[in-house]
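Please look over the sequence and the fold shown here before reading on. The paragraphs below are meant to be read with both in view.

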Amino acid sequence: MVLCALRQQVPRCSSHCRTWARLLQRQRSSCVYSSIHGFNQDEIKEKLQAFHGGSIDLLKQDSGIAVLTINNPSRMNAFSGSMMIDLEERVSQLENWPEGKGLIVQGAAETFCSGSDLNAVRAISNQQDGMKMCMFMQNALTRLLRLPLISVALVEGRALGGGAELTTACDFRLMEAGSVIQFVHKHMGLVPGWGGAGRLVHLVGSQNALKLLGGAVKVDPELGVNIGLVDGVLEGHQKTEGAAPLLQQAENWLSRYTKGPAPVIQAVKKVVLSGRELPLPEALRTEKDIFGTVWGAPANLEALASKSKHK
Ligand SMILES: CC[C@@H](C(=O)O)C(=O)SCCNC(=O)CCNC(=O)[C@H](O)C(C)(C)COP(=O)(O)OP(=O)(O)OC[C@H]1O[C@@H](n2cnc3c(N)ncnc32)[C@H](O)[C@@H]1OP(=O)(O)O
């Protein structure tokens, strides 16, 4: 219906213009929850703001690869309330980055993230606030996964609870030798609430997801690779002499997918995203729209002019 309204506003617009209106509309509907689900973002933000500490830091690099750092070392990078708000703001900044191609999500001080800050969790342990926090984080992490950037979680040390869920909101996961991903929710009398269960099933299948959640299994790099959760293992730079710093290793790993012009890399991510999330007929129509943005565009014309061969 909103799309119809958009079309009515631009009746004489070219088909290219309509394509963009549709893409824009899709980007806006990136959230899972809005007011029609009884979700009031400002209300929960006000509540979360009371639990401060730590930060989510964003570094956009000229290479088109950004680094998002979960930074709360005194609590093993647990998410305070203000960090949840930070995350949402950083995602907004990344949604508006035309030069962007890739994203690395890492933790500060040699560990990934130990989930929600338990001090905040204790303070908002009532049902209503828990639901609001859950909807806020599902929205933020869904938008993170839907960014038109190829994203990778760089897991060093531990990714526990919400930290494990965060890894599933990236396209890829890299683990340092000796690191652990663990959905500890069962031990906390919980199940994932940041969308981690749904995404985990997509990544490893329902049998493996049931084992990981039901057993709160410690996933080491070997198990992670075997079940398809983990896409690469990095050498521990402190234990292996001569190994490059982890972030450098992750950038090298990602660069094979981010080589090329930003509009093309973003289009690659968008077609995969639509195939991953939409029913086939709609995915095909979206693919056509995205194809329309690269066909005849500078990178395409340049490649045609260079008569390149793919040997
Ligand atoms: C909805 C909830 C769910 C979700 O969001 O999906 C969650 O995420 S719930 C949180 C799940 N995480 C945990 O339960 C982690 C609990 N912590 C630990 O198991 C351990 O602290 C550790 C992460 C394995 C690290 O152990 P160790 O190396 O021995 O260090 P310390 O235990 O001394 O930790 C250092 C320091 O950090 C504090 N810390 C760690 N995690 C959290 C956390 N999630 N929230 C708040 N604080 C945390 C820990 O208390 C220590 O602080 P001090 O005691 O002040 O030194």
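What follows is a walk through the sheet, strand by strand.

This is a predicted model, in which local features need pLDDT of at least 70 and side-chain atom pairs count only at pLDDT 80 or more, while totals for chains, interfaces and linings use all residues. Residues are numbered from 1 along each chain as its sequence is written, and side-chain values use heavy atoms, with hydrogens and water left out.

Six strands (DSSP runs of E, at least two residues, numbered from the N terminus) make up an open sheet with mixed pairing and the order 1-2-3-4-6-9, where two strands pair if DSSP finds at least two bridges between them. Its edges are strand 1 (55–60) and strand 9 (232–234), each of which pairs on one side only.

At one edge, strand 1 pairs with strand 2 (residues 65–71) in the antiparallel sense over six bridges, and Ser 55 stands opposite Asn 71 of strand 2. Helix 4 (residues 81–95; helices are DSSP runs of H or I, at least four residues) lies across strand 1, strand 2 and strand 3 (102–107) and runs at about 20° to strand 1, the angle being taken on a scale from 0 to 180 degrees between N-to-C directions of axes fitted to C-alpha atoms.

Towards the other edge, strand 4 (residues 150–155) and strand 6 run parallel and are joined by four bridges, with Leu 174 in strand 6 as the bridge partner of Leu 154. Strand 6 (residues 172–176) has four of its five residues buried, that is, under 20% relative accessible area with a 1.4 Å probe, protein chains only. Three bridges join strand 6 to strand 9, again in parallel, and Met 175 has Val 233 in strand 9 as its bridge partner.

Technical notes: Contact = heavy atoms within 4.5 Å. Buried < 20%, exposed > 50% of the residue type's maximum accessible area, 1.4 Å probe, protein only.
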